Amino acid sequence: MISIKHVNKTFGMNQVLTDVTLEVPKSNVVAIIGPSGAGKSTLIRTINALEPIDNGEIVVDGISIHDKKVNINKARSEIGFVFQSFNLYPFLTALQNVTLAPINVKGLSKSAAEERGKELLTSLGLGDKFDAYPNRLSGGQQQRVAIARALAMDPQVMLFDEPTSALDPEMVTEVLDAIRKLAESGMTMVVVTHEMGFAKEICDEIIFMADGKVVEQATPAKFFTNPDSERAQNFLSKVLHH
Amino acid sequence: MGGYEYDFSVISQNMDIFIEGALKTLEISAIALLLAIPLGIIIGMGRISRNRFIRILSSAYVEVMRGVPLLVLLIWIFFVLGQFLKLGSYWASIIGLAVFTAAFIAEIVRSGIQGVPRGQMEAARSSGMTYWQAMRLIVLPQAFRRVLPPLASQFIMLIKDSSLISVIGATELTLNAKNLVATSMRSIEVWTFIGFVYFAMTFTLSMIIRAIEQKLLARENS
């Protein structure tokens, strides 16, 4: 479903992605983990072309995302993206946040978009928050609205860029539960995360990145018990034993 | 030698002239504003365009209009441009005020757009919106809320600046006042009253914009 081939990217003199290649089959859930500065966020942002790449190719559902001839807006409407900082539209209610793109991009009628939006918000435990503005919602609620907003476009894949990193600890679970439910429904997903327990539990594959490279790619069982690379061993010893 | 003897009867006796002048001032300011707002938005967006040529053109516009006194601009538009385009003092005044004010609105719009967090545009684009859809539906509405206070100041400036168009003979409050001073010799009385009239107009505008601002704020905090 997602195919990343030999992607390179530099910011000025800084090589942030070096020859990154990876495949995400349909309905698979892949976690990207690694130390900060590894290029995880940059990589996930190249998948919907929020970041341009220098060379290589990224294909999502048969569409070469960075091809100049591709209608990127059409392609992006099939790719849900959830940000670390939610990025809800502060002047719109929760429901309006969710229905805006379906109405304006997909051309859904207001009533159809609202019906679907209410259904999604309700399924994410926000049935009583349709008319609330973002600044009246907790971080966990805001992130769930953001997930509903992405799902409202009926995407083929979902990308999560550190979805729980900006949350207070007691709100992490509600967001992870929402993502877990989505994984169980068979959604193809890529998740940049620091939640190791979560990655271990729901992911089909772990991508370990460091210094802009994919250092190791393994099943969670293998990666968390017996990683091959020294970088991964070091990293795990730091994040798992505290 | 006695001091100056005030006689404000000149005001009450000529109220019709003041009212006519004030209405003209409001009319000219309002039309100039209606032209300046879209022009200012376009130029303000041009200032942050991805196209270098558009960026340079917009910046040049802003710099020239900000750097030249309005008086000079008005005279030039009326006597030079006006000769070619057959502009009377009325339209020359409106065009002069509009192109001048647009430069300041452009800067306000630019800072307003740049003040909207990047993540807003990214979220909108991620959902498949085009750049212009994201601008129109997400960025500009938020920029608008941010720029209301500086825009209010600019609108007030426009009403006061419109007094300058009397130099090219456009009928409005200040020109009527000048004529009245010439015939009545009551300059202090007339100019003082004119000051009050301008203040009444600008203060009313201030209050209206403040009410809009508070209404927007109240809605988001509900």
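Helices and strands here are DSSP runs, numbered from the N terminus. The model itself is predicted, and a handy place to start in it is a loop of chain A. Glu51(A) sits in the loop that links α1 (40-47) to β4 (55-60) of chain A. Buried means under 20% relative accessible area, and Glu51(A), at 12%, therefore counts as buried. Setting aside neighbours within four places in sequence, the residues in contact with Glu51(A) are Lys9(A), Phe11(A), Thr42(A), Arg45(A), Thr46(A) and His66(A).

Another loop of chain A, the one between β6 (79-82) and α3 (94-104), holds Phe86(A). Asn87(A) lies in the loop between β6 and α3 of chain A too. Most residues other than glycine have a negative phi. Against that background, Phe86(A) has a phi near 65°, a positive value, and the phi of Asn87(A) is positive as well, near 55°. As for how much of them shows, Phe86(A) has a relative accessible area of 11%, so it is buried. Asn87(A) also counts as buried, with a relative accessibility of 11%.

Next come the nonpolar cores. Nonpolar side chains tend to be buried together in soluble globular proteins. The largest nonpolar core in this model has 83 residues. Within that core, the residues with the most contacts are Ile2(A), Ile4(A), Tyr89(A) and Met129(B). Helix α7 of chain B (residues 131-161) puts in the largest share of this core, 13 residues. To give a feel for the surroundings of Ile2(A), and not counting residues up to four places away in sequence, Ile2(A) touches Leu22(A), Glu23(A), Val24(A), Ile47(A), Val59(A), Val60(A), Val157(A), Leu159(A) and Val190(A). Apart from the largest core lies another one, of 51 residues, with Leu137(A), Val145(A), Met158(A) and Ile179(A) among them.

How do the two chains meet? The size of an interface is often given as the accessible area lost when the parts come together. Here, chain A and chain B bury about 2000 Å² between them, and 52% of that is on carbon and sulfur atoms. Tyr89(A), Phe91(A) and Tyr133(A) supply 30% of the area that chain A buries against chain B, more than any other three residues. Counted by residue, 24 residues of chain A are in contact with 22 residues of chain B.

Two residues of chain B show what such contacts look like up close. One is Ser126(B), in helix α6 (residues 118-126) of chain B. With a relative accessible area of 3%, Ser126(B) is buried. Neighbours within four places in sequence aside, Ser126(B) is in contact with Asn48(A), Leu50(A), Arg76(A), Ile79(A), Phe81(A) and Phe83(A). A polar atom of the Ser126(B) side chain also lies 2.8 Å from the backbone oxygen of Glu122(B). The other is Pro141(B), found in helix α7 of chain B. Pro141(B) counts as buried, at 18% relative accessibility. With neighbours within four places in sequence left aside, Pro141(B) is in contact with Phe91(A), Met135(B) and Arg136(B). Between the C-alpha atoms of Pro141(B) and Trp91(B) there are 31 Å in space, with their places 50 residues apart in sequence.

That leaves helix α3 of chain B, residues 52-67. At 1.5 Å a residue, its 16 residues should span 22 Å, and the end C-alpha atoms are indeed 22 Å apart, which agrees. Ser58(B), Val62(B) and Met65(B) are the buried residues of α3(B). Seen down the axis, these buried residues fall within an arc of 80°, so they line one face of the helix. What covers them includes α2 (15-47), α4 (70-85) and α5 (89-115) of chain B. On the other side of α3(B), the exposed residues are Arg52(B), Phe53(B), Leu57(B) and Gly67(B). Of these, Arg52(B) has a relative accessible area of 58%, so it is exposed. Arg52(B) and Met201(B) are 149 residues apart in sequence, and their C-alpha atoms are 41 Å apart in space. Finally, at the start of α3(B), a side-chain oxygen of Asn51(B) comes to within 2.8 Å of the backbone nitrogen of Phe53(B).

Notes. Residues numbered from 1 in each chain as written. Chains lettered and ligands numbered in written order. Predicted model: local features only at pLDDT ≥ 70, side-chain atom pairs only at ≥ 80, totals over all residues. Heavy atoms only, no water. Helix = DSSP H or I, 4+ residues; strand = E, 2+ residues; numbered from the N terminus. Expected span 1.5 Å × (residues − 1). Buried < 20%, exposed > 50% of the residue type's maximum accessible area, 1.4 Å probe, protein only. Arc of directions from axis to C-beta. Contact = heavy atoms within 4.5 Å. Polar contact = N/O pair within 3.5 Å; in protein donor to acceptor, adjacent residues only side chain to side chain. Core = buried A, V, L, I, M, F, W, Y, C linked by side-chain atoms within 4.5 Å. Buried area = accessible area lost by both parts, 1.4 Å probe.
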